[in-house]
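Q: I'm new to reading structures. Could you walk me through a few features, one at a time?

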Amino acid sequence: MTFDEKTNMYYPSEDIIENANVKEYEQLYKYSIENRDAFWAEQAEHLQWYKKWDKVVDESNKPFYKWFAGGKINVVHNAIDRHLATPNRNKLALIWEGENGDVRTYSYHALNREVSKFANILKSMGVKKGEIVTIYMPQIPEQIYAMLACAKIGAVHSVVYGGFSHEALGDRVRDAESRVVVTADGGYRRGKVIDLKSIVNDAIDNCPTVEVVITVKRTAHEVVMVNDRDYWYHDLVSLPIASSVCETEQLDANDPLFLLYTSGSTGKPKGLIHSHGGYSVYTSTTHRMVFDIKPEDRYWCAADPGWITGHSYLVYSPLMNGSTIFIYEGAPNHPYPNRWWSMIEKYGINILYTSPTALRGLMRYGDSWVKKHDLSSLRLLGSVGEAINPETWKWYYSVVGNEKCPIMDTWWQTETGGFMITPLPIIPLKPGSASKPFFGNEIGIVNEHNQEVAAGEEGSLVIKSIWPGLATGIYNDPQKFIDTYWKKYEKEGWYEPGDSAKRDSDGYIWIIGRSDDVIKVSGYRLGTAEVESALVNHPSVVEAAVIPLPHKLKGNAIHAFVILNNGLTGSKELATEIKNHVSKMMGPIAKPEEIIFTDTLPKTRSGKIMRRVLKARALGLDEGDLSTIEE
């Protein structure tokens, strides 16, 4: 790639363009907007269907759209079954490394065997089509088997991140009315055993629907097992019930695939529903095109399946596209800050998809840990979870990618199922910009009168079109689905993501942050992401979060929480220096009132900073739902 100082853009090399799956953006985007149904029907042809759809999208019950209505499909048929009749049968589907150094690998043939066994175990426990199975596990292969096994037999999985408290887990089990819970005795995190089984035991004390708990032995520490409820997976898999042959259920395209609870800023998390047909088409298409997937790729999405990124881009779409996926159990800096880079070198990873939060955490240790390793196998990089600030983007590009790997900075949500705004490898890149809408998506940036704002002006992000990856509803609460995402722009029929953004003169979209994360100082609106980027631009700061606090004269004043580079200590002098740095970069209006030095920031497991928690703490208010906060 080459950098042009005049345009401040990074241009792909001729080699990247020549070998890309999609070689042109504008013309195909225009076609996808003008012929949306035809475009999505063409993408659906990349998958195998038991029965073709009667209609691409049924809009008779807006906003509960039914994609590929009348079609019969199963995501597992496309993620596993269809590969068994091709050379992919013997290709590696999964490479797994545990934090303690354990390694396991599975071909597509072997993955099918393990998923079929797990599916038959679930059947033996009476699991039926449409039943919701809760999965609470560490990042081990059995977590993936459990998800795929549920989908294979038509059950619905609800994956809960294996770091949530027993209260948060219990809330989700009760809401889903799960009868079966799949867990492990524990997992490894930073060299310590996380006792998951004890958390499950505490959680289901108040979950009367739970009858069966299947437990995988990972750490072999002592746990409490309850007779007639708890079963060891290794015991079950050795029984005749765990046959390696299990037929994949033929499902309606709109049958539910999974339930996934959003982090939610306040109140009870929402259980969003995604279905087999539209979700399969959308995620496989976005993955194939954006990451320019090749048959020989070894692909690593460093997300946990407890979040939508793990569902869409660690498990389902890569397997549908026949990729070799890599999964790592533990912390990125354990036992040393080179753990990720050593694994990329060891396994020859071609594509890395991770969050700015993880990158900033690794940036703190400097470049030397990265440069000790040969990362020449990397071909593409990706970013997810929040807007990536330009400084982190440049470090990722130059140090990790050695100035040759395009960065796919993706914007999307749990609700959208897949990428909504994203570059392609062939598109010139601007550090910090999510670039352009993905095919088929019409993105608007509007003012309070629902009119498009001018280039460079900030407004509310809206999605004016519908797409196959869209969630089909909120479990047991259809009205909340309408009220949360469709009510504000009911007349226009637009989807409301709740983010603010701006579009520059080149048509590139810049995500500013959650609409409720915009700070108004003396009548000026400042995006938290912009101020935080200015803070992180200071050489001493590796991560930052800003909140508005009441001010007699300004209405609000900016208070900044900053994490310093490894080995540095905060001081009054450094605080003043950082304030002046922000003022110089953004103007006096953005100068923070106060700098608070901290070692950690409250974040959701998907890497989003929980600014409302910082604000509540500063004001001495109730912090609200903390079930999704990371440790």
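Q: Which residue is the bridge partner of I445 in strand 26?
A: This is a predicted model, and in it I445 is bridged to L461 of strand 26. That bridge belongs to a bigger pattern: strand 25 (residues 443-446) and strand 26 run antiparallel, joined by 4 bridges.

Q: What does strand 26 pair with over 3 bridges?
A: Strand 28 (residues 499-503), again in the antiparallel sense. For one of the partners, look at S460, which is matched with S500 in strand 28.

Q: Where do side chains point in a strand?
A: In a regular strand they alternate between the two faces of the sheet.

Q: Is strand 26 mostly covered or mostly open?
A: Mostly covered: strand 26 spans residues 458-463, and 5 of its 6 residues are buried.

Q: Let's switch to a helix. Where does K152 lie?
A: You'll find K152 in helix 6, which covers residues 141-153.

Q: Is K152 buried or exposed?
A: The idea is to compare its relative accessible area with a cut-off: under 20% means buried. K152 comes out at 2%, so it counts as buried.

Q: What does K152 touch, leaving out residues up to four places away in sequence?
A: Quite a list, including N74, D81, N112, S116, C246 and E249. Zoom in on C246: its backbone oxygen lies 3.1 Å from a polar atom of the K152 side chain.

Q: How far apart are the C-alpha atoms of K152 and A176?
A: They're separated by 19 Å, with the two residues 24 apart along the chain.

Note on methods: Residues are numbered from 1 along each chain as its sequence is written. This is a predicted model: local features need pLDDT of at least 70, side-chain atom pairs count only at pLDDT 80 or more; totals for chains, interfaces and linings use all residues. Side-chain values use heavy atoms; hydrogens and water are left out. Buried means under 20% relative accessible area, exposed over 50%, partly exposed in between (1.4 Å probe, protein chains only). Helices (H or I, at least four residues) and strands (E, at least two) are DSSP runs, numbered from the N terminus. Two strands pair if DSSP finds at least two bridges between them. Contact means heavy atoms within 4.5 Å. A polar contact is a pair of N or O atoms within 3.5 Å; within protein, one must be able to donate a hydrogen and the other to accept it, and residues adjacent in sequence count only if both atoms are side-chain atoms.
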